[in-house]
Amino acid sequence: MIGGLPLGFAEPLVLIGLLTLPVLWWLLRMIPPRPRRIDFPPTRLLLEIAPREETPARTPWWLTLMRLALAALIIIAAAGPLWHPPLAATQTRAPVAILIDDGWAAASTWDARVRTADDIIARATDDRRAVALIPLSDGTRDISFEPAESARVRLHQMQPVPQTIVREDALPAIARFLAATQNVELVWLSDGTDAGGGSKFVADLARTLGRRPLTIVSGGIPGARALAAADNAAGGLSVKVLRVNSDGAESGMVRALDLKGLSLGEAPFTFKTGARDTTARFDLPVEIRNDIARIEIVGERSAGAVQLLDKRWRRRTIGIVSAATADTDEPLLSSSYYIQRALSPFADLQLAQGESAADAVTHFIDERLPVLILADVGTVAGDAHDRLAQWVEDGGVLIRFAGPRLAASEDDDLVPVKLRRGGRILGGSLSWDQPQPLAAFSRQSPFAGMQVPSDVTVNRQVLAEPDATLSDNTWATLADGTPLVTAARRGKGLIVLFHVTGDTRWSNLPLSGTFVEMLKRIVDLAGTTNVARTANADANAVHEAVPPTRILDGFGTFVSPPPTARPVPADFSGRATADHPPGFYGPPESFFAVNTLAANDQLKPLDFAPLGNASREIYRTSQPLDLRGPIFLAALALILLDTLVVLVLGGGIARLMPRRSRAATTAAIIGAALLGLAFTQAHAQDSSNSDVPPAALQTRLAYVVTGNSDVDAVSKAGLAGLTLFLAQRTALEAGDPIGLDIAHDELAFYPLIYWPIVPGVPRPSQETLKRVDSYMKNGGTVLFDTRDAIDAPPGAGGETRSPGMLELRKILSSLDIPQLEPVPRDHVLTKTFYLLRDFPGRFSTGQLWVEALPATSDQEEESRPARGGDGVSSILITSNDLAGAWAIQPDGQPMLPIVDGEPRQREFAFRAGVNIVMYTLTGNYKADQVHVPALLERLGQ
């Protein structure tokens, strides 16, 4: 590399020849004087020749400069110039140690890092040097050298980890390695991202290295982007988008998905110049927002670009019922006001207005709210009481606040513990000498880990009757041991009681942040399996460990949990680690999400300033380009130009013109004519070749361009993935797939056309459908894919009433379509290449329909393994989204997830594609295998 230019030289020592250019300047200035030609008659001899002294002529400055440029070009070409040269080691014999940042921040540009490391290892192979690979995610492993070829194999087996790497953990191993190895060249392939602790690592690394040489490779590729701090607020769901570099404005898109991988919405985001974080917001109904399980940055493939959501991010709707008259007389002093202010940041609230407590309870139960709050409501009687009790039994969470009405009620069974009538008040019977503060929360309480406020006091409360179960049902107590919050299980639900009012009459607890956090933790229990246990078991459940079920890899794709993944506590709130990788933990009905980044994490560029002696390089994004050819051509052009100038200045052309001017002119004209004719023929040949479609020269698969960019991108990637699979598993080496405009492009060149159905897209014209019908009648096959197997209505025949199938019926109504049937078990499609029973794609519930060809006779029907003749079905129909299963990213990772399928479903989808392609190319040749016994019998005779 030269400065900021991606230019290097294979033999840089040859550039020393440029120092000889001043000597060439001096030598080229002098040339023999040009002879002067004088035409004169004998009579003018004395008049025309002047008796003056001649001086030698000098080379013109521009000619000297041109010759110096010619010499410089030859020297530079001999040095082997390369545009985007590979990263080469600076020493020739020392072994190479490569430090690799292999965290989530390196995942989106992982190919560039592998390519750069591969170039270094290739140079080490040529120089017969040993190589040590040091992934910084595995810092505890001892470092050792290995042969370069072995290092290359291990390099291509490496994958980025899904968590933030702790580089500091690798420093002890690096120090031991350097102490045992005196002469080594270090190269650090950095992701340039500091997600915490990066500055300390760089400073410690500088002290560890001392004066040892180090090459830092960073930059030249896009910086990492990530998601953090999702918030399901009242107006919508927002998520913070982070980036490393703050140079220039930048925009993008964030996508929200449900557990099945279906898109629920998209939200744009824009970074301002100098900003490293921004916010993307989904303006969706709360019911849809509660179904979001995954948020990802479109086009950013890393675990950090994924934010997983669980029950904690669901925004629940809570009904509040209050019997106090202060709600209408003095609303800003009522219990419901304080409760609303505490719950509004994380829940949607409905306040009972102008109706009795019993009517409000019945109304909220009819709306199927998961949480109800009764503020100083006495006994709920009648049918409302029975319905409320059944609602709790079915899994509802009832939160009650004490007050004068509750203290005066008798035989109230919708409380977690038995209460004393009247309560306890400062200055009265059973009184305190002073207001009581809160005691520390026990480890078995859902409030465990919360900081106990020192300024919260209670001057009145409702007391519980002491019994054997009181301690098990107590979540929070006062300093004197009396309960402040009690809870008990009822069926699948939970009843929680605050022994003080929801306003400030009995306590200043509603004025503290502890009140907000307590309510949040209680509301988070709604709709989970935790409420289906006893109060003590429920408290323990918050701290139990849940095992991993679906884990993200470094590229942000769900995979099976690795053996090193350990269960996490159910109240885990930190960022992912090597022991607890990001993903979903626990059962599907109550899963728990662990994310790569925490809510308050920030990204910034890594500061390499302490490593002042290190050299800097950038990642290569393209293959090296050898510049020797163009430079030698430029030198040849200068040689020809110099020859022409010498002929002109020396008079050589003038001497040749009188004798052979006519012949030279004629030859020049003939040569120019021949050259023009050759050029014209070559251009005509190129033009004729350019008119030939690529599919006429090589077998290619095709897809119909629908006009929907997302669908077309999946179709192209899907057929490209199938083409690659065909090349790997079969003898067919097809070309790149081609998108067809069926209204104008010629269809006859393509044996199989994939047509994804998109509801709402304008139907093809009648002329276009006639072209498709002609193509199908002349031997072509069209594979229609409605891609909506999971959207089909339930019941018999539901597959034919899906949105895509209804759209397909409109298209096929203008075509001459034969009778269709699902692929029979003995159809040749099931054994063209692989033996298959089904033809799954992203979905596996749909069927593949083919042309129904009846047998010619009952006898043939019984003997032939395939129903049909020698022809190929002109139409295939499926709803399993085959292209979605075939679609792969440039790095080889799947583009779309498999929906509710077995782990090998994608492999079976590729096999189904192979059978379909082989079927369209070869026909029903395997149906003729019925004749094999007869042929063998004849050969035996």
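Where does leucine 640 sit? Leucine 640 belongs to helix 16, which covers residues 628-650. Keep in mind that what you're looking at is a predicted model. The protein chain has 941 residues, of which 46% count as buried, and its secondary structure comes to 25 helices and 41 strands. Below is a quick tour, starting with the chain as a whole and then zooming in on sheets, helices and a couple of odd backbone angles.

**The chain as a whole**

- About 46600 Å² of the protein chain is exposed, and carbon and sulfur atoms supply 55% of that area.
- Take the contacts in the protein chain with a separation of 6 or more: 74% of them come from residues 24 or more positions apart.

**A nonpolar patch and helix 16**

- Back to leucine 640: its relative accessibility is 56%, and the cut-off for exposed is over 50%, so leucine 640 counts as exposed.
- Leucine 640 also helps make up a nonpolar patch on the surface, together with Leu633, Leu636 and Ile639.
- Put together, those four residues offer about 400 Å² of accessible area.

**Leucine 882, a buried counterpart**

- Leucine 882 is part of helix 23, which spans residues 882-886.
- Its relative accessibility is just 1%, and buried means under 20%, so leucine 882 counts as buried.
- Who does leucine 882 touch, leaving out residues up to four places away in sequence? The list is Tyr754, Leu783, Asp785, Phe839, Pro840, Gly841 and Ile916.
- Threonine 786 lies 96 residues from leucine 882 in sequence, yet the C-alpha to C-alpha distance between the two is 9.7 Å.

**The sheet 8-9-12**

- Strands 8, 9 and 12 make an open, antiparallel sheet, arranged in the order 8-9-12.
- Strand 8 (225-232) and strand 12 (277-282) each have a single partner strand, so both stand at the edges with one side lacking a neighbour in the sheet.
- From one strand to the next, the twist averages 25°.
- Strand 9 (residues 237-243) is joined to strand 12 by six bridges, and the two run antiparallel.
- If you want a specific pair to click on, try lysine 240, whose bridge partner in strand 12 is threonine 279.

**The sheet 11-10-13-14**

- Here four strands form an open sheet in the order 11-10-13-14, again with antiparallel pairing.
- Why do strand 11 and strand 14 stand at the edges? Strand 11 (263-271) and strand 14 (306-308) each have a single partner strand, so one side of each is left without a neighbour in the sheet.
- Ignoring direction, neighbouring strands of this sheet are turned by 20° against each other on average.
- Strand 13 (residues 294-297) runs antiparallel to strand 14, and three bridges join them.
- Isoleucine 295 has glutamine 307 as its bridge partner in strand 14.

**Strand 27 and its partners**

- Strand 27 (residues 548-552) pairs with strand 30 (residues 583-585) over three bridges, in the antiparallel sense.
- Across that pairing, proline 548 stands opposite tyrosine 585 of strand 30.
- Strand 27 also runs antiparallel to strand 28 (residues 558-559), this time with two bridges.
- Leucine 552 finds its bridge partner in strand 28, namely phenylalanine 558.
- Strand 27 and strand 28 form a hairpin with five residues between the strands, and in this hairpin glycine 556 takes a positive phi near 85°.

**Positive phi outside glycine**

- As background, most residues other than glycine have a negative phi.
- Alanine 229 has a positive phi near 55°.
- Alanine 229 is placed in strand 8, and at 24% relative accessibility it counts as partly exposed.
- Arginine 368 likewise has a positive phi, near 60°.
- Where is arginine 368 found? Look in the loop between helix 11 (357-366) and strand 17 (371-375).
- With a relative accessible area of 75%, arginine 368 is exposed.

Note on methods:
Residues numbered from 1 in each chain as written. Predicted model: local features only at pLDDT ≥ 70, side-chain atom pairs only at ≥ 80, totals over all residues. Heavy atoms only, no water. Pairing = 2+ DSSP bridges. Axes fitted to C-alpha atoms, helices over the stretch in contact; angles between N-to-C directions. Buried < 20%, exposed > 50% of the residue type's maximum accessible area, 1.4 Å probe, protein only. Contact = heavy atoms within 4.5 Å. Patch = residues over 30% accessible without salt bridge, like charges linked within 9 Å, V, L, I, M, F, W, Y side chains within 5 Å. Areas by Shrake-Rupley, 256 points an atom, 1.4 Å probe, with all protein chains shown as cover. Salt bridge = Lys/Arg side-chain N within 4 Å of Asp/Glu carboxyl O.
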